[in-house]
Amino acid sequence: MASVHESLYFNPMMTNGVVHANVFGIKDWVTPYKIAVLVLLNEMGRTGEGAVSLMERRRLNQLLLPLLQGPDITLSKLYKLIEESCPQLANSVQIRIKLMAEGELKDMEQFFDDLSDSFSGTEPEVHKTSVVGLFLRHMILAYSKLSFSQVFKLYTALQQYFQNGEKKTVEDADMELASREEGERKMEKEELDVSIREEEVSCSGPLSQKQAEFFLSQQASLLKNDETKALTPASLQKELNNLLKFNPDFAEAHYLSYLNNLRVQDVFSSTHSLLHYFDRLILTGAESKSNGEEGYGRSLRYAALNLAALHCRFGHYQQAELALQEAIRIAQESNDHVCLQHCLYLASLGIQSLVQQRAFAGKTANKLMDALKDSDLLHWKHSLSELIDISIAQKTAIWRLYGRSTMALQQAQMLLSMNSLESVNAGVQQNNTESFAVALCHLAELHAEQGCFAAASEVLKHLKERFPPNSQHAQLWMLCDQKIQFDRAMNDGKYHLADSLVTGITALNSIEGVYRKAVVLQAQNQMSEAHKLLQKLLIHCQRTRNTEMVISVLLSVAELYWRSSSPTIALPVLLQALALSKEYRLQHLASETVLNLAFAQLILGIPEQALSLLHMAIEPILADGAVLDKGRALFLVAKCQVASAASCEPLKKAEALEAAIENLNEAKNYFAKVDCKEQIRDVVYFQARLYHTLGKTQERNRCAMLFRQLHQDLPFHGVPLINLL
C-alpha cells in the first residue's frame, strides 16, 4: 500500500513525514488517482447518450464501484480498464488528464471549480446522495480544505503520476509490438472483475478509510469463502503491516492479521494479533453504549471467546477450557444471550472432540453416532452449516477408522452433495473449509484403495485448485497425495521412488514417515535396520497411545519374524495386535492381523486351521477391504486349499486345485487393479505349478512365460514367499 514513494500521494494527516495517530480522521483525501477517476466521471457526464452505446454505458457503471472503493492503481492500468469498457471515453480521459498535467496549476483549480456544476440545475447530472455524488462531494470538500502548499504538492504528484503512466504505456506498447507475432494476448476474466490483486495493491499509496475498509472486508470474505482468490499469506501480511504503520489503532486490520496468521499455523503471531484487536477495540471506543450494551465488557467476553477458539484450534484444550469458562461467566453476568449461544457452539465442537477421543478409545459406532445425533439436531435447527459439515466429516473419519469403507464413502458423498445453507454472492466458491478438505482426502484414498487411481488423481487435482499450497488446509491433501504415491511405488516394486517420498511424508507427519521408512527398509531386505526403527516407533506410539499405529507396527514386526524363518516368535506379536484391534474395534487392522495369523499357521504346517480362520475373516475383507487386501486374502486361501489337499485322494485333490486356480485368477485381477506386479508374479508362478500338476501344459506355459517377463522386469529382494511352502 505504501510501496510507491509516499510523496506521490498527498496525505493530509502527514506532517514532515510523520503520520498522526488518527490517520483516518477524515473519510477521504485527494490523490492523483482520484483526480483521474473524477475526470472519468466528468467525461461520462459530458458525453451525450447517443455517443456511448447502452452496453458501453452499462460496462462503465459496473466499472465505477470497484474504482471508487478499491485502492489506487497506476494510470496505465486505469486506461486499460476504461478502454475495455468504452474506447472512445478512454481517449477523452487520456487527453483531459494530459492537458491538466502538462498545463498549469490553475487548470487543476478550474477543474475542481467546475465539478460543483454537476449538482446544479433542475435535473442535475449527479444526485447528491448517490454513490458517485457522495464521492464527488467528499473530493470537493477535501480539496477545499487544502492549503496552497498542499495544493502545489498535489499538483506535483499529479504530474509525476501522469509521467509514470505515460512511460508505462510506452513500455506496454513496445512489448505488445514485440509479441504480436506470437498472437494477440487476451485479458483474463480476473482482470475484468477488477478484484484486488497483488500487483494492484503493491502500487497503491496510503489508503483512505473507505478504501481500507473495503480491502479488509474483501480479503476477510475471500479467506472465508474462496481462499484461492485472496492474497498470499506473505503478501497480505505485508499490506496489513503497511496499513498498521499509518494507523496502529486500526482494530479490524489486527483481526485480519489474526485470520492470516491462522492460515500458516503461527500460534504466537495469531494470539498477538487477536489480543491487539480487542485492545484497540476498547481504546478507540469502537464498542460504545449506543446499541444499549456496555462496550468494555462486551469486548472482554468476546476476546475470551475468540481466545478459547484459538487455543482449541491449536490443541491447547486446557487453556481453551479456562478461556471458555471466563467468556461464559462474563456473558452470564451481562445477560448476553448471543455470546452464550456462541459458547454453546464451542461446546458443540467440544462434543465432536469428545466423540473423536472416544473413537480412539474403542467405543462402539452406535454410541458415537448417538452422541453426534443430539448435537446434529441443534445444528440443523439453527442452520449451522459449518458445524453440520464438521459433523459429517467426523462421521466419515470414524467409519474409516473402524474399517467400514462403504459407510465412509457414503458420508463423504453426502457432504460433497450438500448445498450450503449460507447465501453468498454468485461466483464465490463454497466449502473451502477443513471438513470439506478432509472429506475429499478420504474420498481420494478410498478410490486409490479400490484401484481407481484416475478418479483419485481428479480428486487431488480439485483439492490442489481449491486449497493452494499456501492455504491453511493444504497439508491435508499434501499428505494424502504423498501416501497414495508411496503405496503405488511400493506396489510397483519401485522402492527407490518410495524411499524418496518418505522425506515429504515425514515433514507432514513424523510418525507416518518413520513407519513408511521402516516398510521400505523391510522391502529392501534390510531387516536389522527396519527392526530397530520399528522398535523405537513402537515405544513412542505406546507412550502416546496411538493404538492404530501400534497395531500397524506390530504387524510389521511379525512380518519381519516370519520373513526371518521365525513364525513361532511372530505368533505372540500377532495375538497382541489382534487383541488390540478387537478391543478398539478396528475392523480393517483386525482382518489384516487374521491374514497374518493364517499365514503363520500355514508356515507352521497346519493349513486346515489357517483355512478355517480365513473363512471367518474373508467376509469383512471382501465387503469393505482394499483391493490389495482382497487379493492377498484370496491368494492365501488358494495356498491353504492346495496345502490342505496334499494328503487327499487324486479326485478331491484335483477339485481343490481347480478351486485354488479360480481363487488365484480372482486374486490376480485384484492385484492388476492396483498394478501390484510382485504379487502378480507370485500368483502366475503358483498357477504354473498347479497347471503342471493337473497336466495342463498350454496353461502352464502361458503362466510360465508371464512369470519370466515379470521376473526380469522386477527387482529381486530375498526369497519369494511362495517358496516357503
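Here is a quick tour of a predicted model, from the whole chain down to a few of its helices.

## The whole protein

Start with the big picture: the protein has 725 residues, and 48% of them count as buried. Its secondary structure adds up to 33 helices and two strands.

What share of the contacts with a separation of 6 or more comes from residues 24 or more positions apart? In this protein, that share is 65%.

## Where H1 meets H6

Now zoom in on two helices, H1 (residues 32-46) and H6 (residues 131-144). Their axes come within 11 Å and cross at roughly 130 degrees. Because of that angle, H1 counts as oblique to H6. The crossing of H1 past H6 is left-handed.

Which residues do the touching? On the H1 side they are Lys34, Val37, Leu38 and Leu41, and on the H6 side Val132, Phe135, Leu136 and Met139. Sorted by character, the residues of this contact come out as seven nonpolar, one charged and no polar.

## A look along H10

Helix H10 covers residues 209-225, which makes 17 residues. At 1.5 Å a residue, H10 should span 24 Å, and its end C-alpha atoms are indeed 24 Å apart, so the two values agree.

Which residues of H10 are buried? They are Gln209, Gln211, Ala212, Phe215, Leu216, Gln219, Leu222, Leu223 and Asn225. As background for reading a list like this, an α-helix has 3.6 residues a turn, so residues three or four places apart point the same way. Among the buried residues of H10 you can pick out Ala212, Phe215, Gln219 and Leu222.

Note on methods
Residues numbered from 1 in each chain as written. Predicted model: local features only at pLDDT ≥ 70, side-chain atom pairs only at ≥ 80, totals over all residues. Heavy atoms only, no water. Axes fitted to C-alpha atoms, helices over the stretch in contact; angles between N-to-C directions. Helix = DSSP H or I, 4+ residues; strand = E, 2+ residues; numbered from the N terminus. Parallel < 35°, antiparallel > 145°, perpendicular 65-115°, else oblique. Left-handed = near helix turned anticlockwise from the far one by under 90°. Contact = heavy atoms within 4.5 Å. Nonpolar A, V, L, I, M, F, W, Y, C, P; charged D, E, K, R; others polar. Expected span 1.5 Å × (residues − 1). Buried < 20%, exposed > 50% of the residue type's maximum accessible area, 1.4 Å probe, protein only.
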